Amino acid sequence: MKKFTTIITRITLALMLILTLAVATLGTWLYSRVDGALAQLTGKSTVFGLSDVVTVERDKQGIPTIKAKNRVDIAVATGFIHAQERFFQMDLLRRNSAGELASLFGEIALNYDKSVRRHRFRDRARTIVSQLPDDQLALLKGYTRGVNRGLSALRADPFEYLLLQQAPVQWSEEDSVLTIFSMYLDLQSQDGKRERTLGLLNSVLSSQVYNFLNPKGSQWDATIDGTNYAPAPLPTLPWPSATANNLFNNPLLDSINSLEAFSETSNKLLAASNNDKYQDDEFPGSNNWAVSGDISQSGSAIIANDMHLGISVPNTWFRAVFEYSHLGKLVKITGATLPGTPNMVIGSNTHIAWGFTNSYGDFNDVITLQANKNGKQYLTPDGYKDFTYHKQVIAIKGKPAQEINIKETIWGPVIGKDHQGNLLAYRWVAHDRQAINFYATALELSENIDQAFDVAARSGIPSQNMMVGDSSGNIGWTIMGPIPKRGESTGEVPSSWSKSSNHWQGYLAPNDYPRIKNPKSNRLWTANSRVVGGENLQKIGNGGYALGARAQQIKDNLFSLNTFDEPALLAIALDDRALFLKRWHQFILDKVLTDEALAQHNDFAQIKALLIRDSNLSANTDSVAYRLVRNFRLTIRDQVFSRLNDSLLAIDPSYSFNTIRHQIETPLWQLITEKPDNFLMLPEESWSALFTKALQQTFTDMTQLENGSTQSLLAATWGQQNTTNIQHPLSKAVPILGYWLDMPEKALSGDSYMPKVQGKSFGASQRMVVSPGHEEQGIFHMPTSQAGHPWSTYYGMGHKDWEQGNPSSFLPGKTKYTLTLLSY
């Protein structure tokens, strides 16, 4: 027995030793694979395609200064660095627009891939690359060579692929085009839902009601040309009107016994959007503004820019400095690049500085098709034509590939049907070769705003408001990116294009682009709302502008001072005062917290005392009043339009209240202040009952915690709701990885409808303030950091400056790491 026990003990010890060795070996292997994916910061590396030696000097934050003899070598080195620091991010961007995410993540991404494949962006990317001018193609080929060399120079694949158990696929020229197509998907509509929504409203409601819900202007308009448009008056007749097209008689509602029953059904359909109902005002876009040399302390123009996007790890942008020679002159550009492309997106070249906000012009149209009896043809100005079909094969990780057929017209893909059963096609700038080129690199060589204007009008990017200033003190605004010349009947609702007069008539010529140079006020500003009116607005169109509250607050801040320096413009970017909600604050005190309401609801006395005490409303982290007023507005908005939304959604599942939510502020305010009795879809017996219910619901939501317990109202601060959740894509799928990959959670001030835009994982993806020729005084913030690897020495560095609004330097610091890239 003793001998048997000894044998068992020895076997157990041997197995434990083997297991320990196996675990140690696996741990060593894993460590080597993760560590091997770190970017090379020092030493030398050979790169095919370089014409000469390139040096890459990084500061302690990992910001590279790339020094080369020419622009193509800069592109090669940029590709090398991007691949080493951010290849997984680049891979997601190209797969996102190509509809190829399922091959990486499996079936969970299949439906998304199907929705994107109808645009056939990979096919279009190949066509664009084949038609690029020689100089742009050389730039793109150089960048591609650099990317693939940077990837192969890593000692191990980027760590994300280890977790996904896949190998990275090499970069191609078309992938850079796909990266820009991903920005189209982020910044413009890929499905025409806003136009389809407006088309439904126009079809089923009277013109008076449609105009009321789709106002042309508001009190918040803050255009740079001073144009104003008045909102429409309240409808005078009962509405929605009882006509043959009214909501209640629509055949699609026959299966629903009552509006109340339908409301319950639609609430289930809308559950996904209602789960986080107080986070729905995020609006991809940006702020920018400029002051001329006449009112700047530097004598040069000063440009400020903060681009609002979803924020994840790593950040969208990658900071860099380019130094190279052109025609015997030294060119130096400092700013932010987009991994996946060779361009400097925003920045300063000592002569000009430039930045962007999303323009929200009208760059797409939904077309109502007139099909023949068998549905195989559609009417065009040249008679009936056959639909064309394009087979797409979608690879799915761990599953057999799936084939889908894309149905297309001469104008674009078929995207569905309207509420009357008509097929709809989609015409979008992103489908044309004009959508993307790399002409924007010419901004690096521009020496004044007139040259920058010309570059803007010839560039292929998702069309943006470009703000530009030069070292001579001039400032200007224009649109950068393609602008279609619209037919006579194209516009904000779907229309038939069976007549040639409705087609787009090509694209706007550079000389016809809207632009404003050196206004008398010496100030310019944009913030995704309508920028201009009149003829310029007709050229740009309305693709769903933001409410002008942010722009108005920026404008007022600009006119509150007579002279400016960089810190003064940064202060505007950090302004979290809730001027937009001031009237809502007063409305609750005057119209909701009535004596009757106070007598019936014990909690309302505490609310009233709180609002009186905090009369200077701002979105600071300690404010309970701000959170209450803000969330009350969203609650009452959703309740006022709840039955109308339910009915419209039943008529057409493509209806999207979210696409028109910003313009709804104006009719909403008219409704709650004038309290008309002809609104037939009020969900409560009276307006006062609706106000009371909305406030009670807001109070309940603020004091009810997710675990089912409650908290006091005073504990329900804005910071509690507005705590950042900035994650790496992989940690969303494997939460335990968040400890190493994600940024620490932090309660931050700011929100929508004010210059300091800030949400949980949304907000300023960068902040820049710079005066060309005075870059050493400039300021730059960027969340997360340069690095994509959690073991990088500068992972997360700079994030606190972004959180706290510290005036961190626009230029890189002292060189800490030097990498030399050698040509073969």
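Here are a few friendly notes on this predicted model, covering a buried serine, one helix and the nonpolar cores.

1. Let me start with S182, which sits in helix α8, spanning residues 173-187. Its relative accessible area is 4%, and because the cut-off for buried is under 20%, S182 counts as buried.

2. What does the side chain of S182 pair with? A polar contact of 2.8 Å links it to the side chain of N96. Setting aside neighbours within four places in sequence, S182 is in contact with L93, N96 and S97, so you may like to display these residues together when you look at this buried position.

3. Helix α8 also matters for the next point, on the largest nonpolar core. This core has 128 residues, and F181, W477 and L569 are the ones that touch the most other members. Helix α8 supplies the largest share of this core, with eight residues.

4. A second core lies apart from that one and has 66 residues. Among its members are V624, I660, F679 and F691. As general background, nonpolar side chains in soluble globular proteins tend to be buried together.

5. Now to helix α13, residues 449-458. Its buried residues are I449, A452, F453, V455, A456 and A457. Which strands help to cover them? The cover includes β9 (352-358), β17 (464-470), β18 (475-480) and β19 (515-517).

6. Finally, look at the N-terminal end of α13, which is capped by N448. A side-chain oxygen of N448 lies 3.1 Å from the backbone nitrogen of D450.

Methods
Residues are numbered from 1 along each chain as its sequence is written. This is a predicted model: local features need pLDDT of at least 70, side-chain atom pairs count only at pLDDT 80 or more; totals for chains, interfaces and linings use all residues. Side-chain values use heavy atoms; hydrogens and water are left out. Helices (H or I, at least four residues) and strands (E, at least two) are DSSP runs, numbered from the N terminus. Buried means under 20% relative accessible area, exposed over 50%, partly exposed in between (1.4 Å probe, protein chains only). A polar contact is a pair of N or O atoms within 3.5 Å; within protein, one must be able to donate a hydrogen and the other to accept it, and residues adjacent in sequence count only if both atoms are side-chain atoms. Contact means heavy atoms within 4.5 Å. A nonpolar core is a set of buried Ala, Val, Leu, Ile, Met, Phe, Trp, Tyr and Cys residues joined through side-chain atoms within 4.5 Å.
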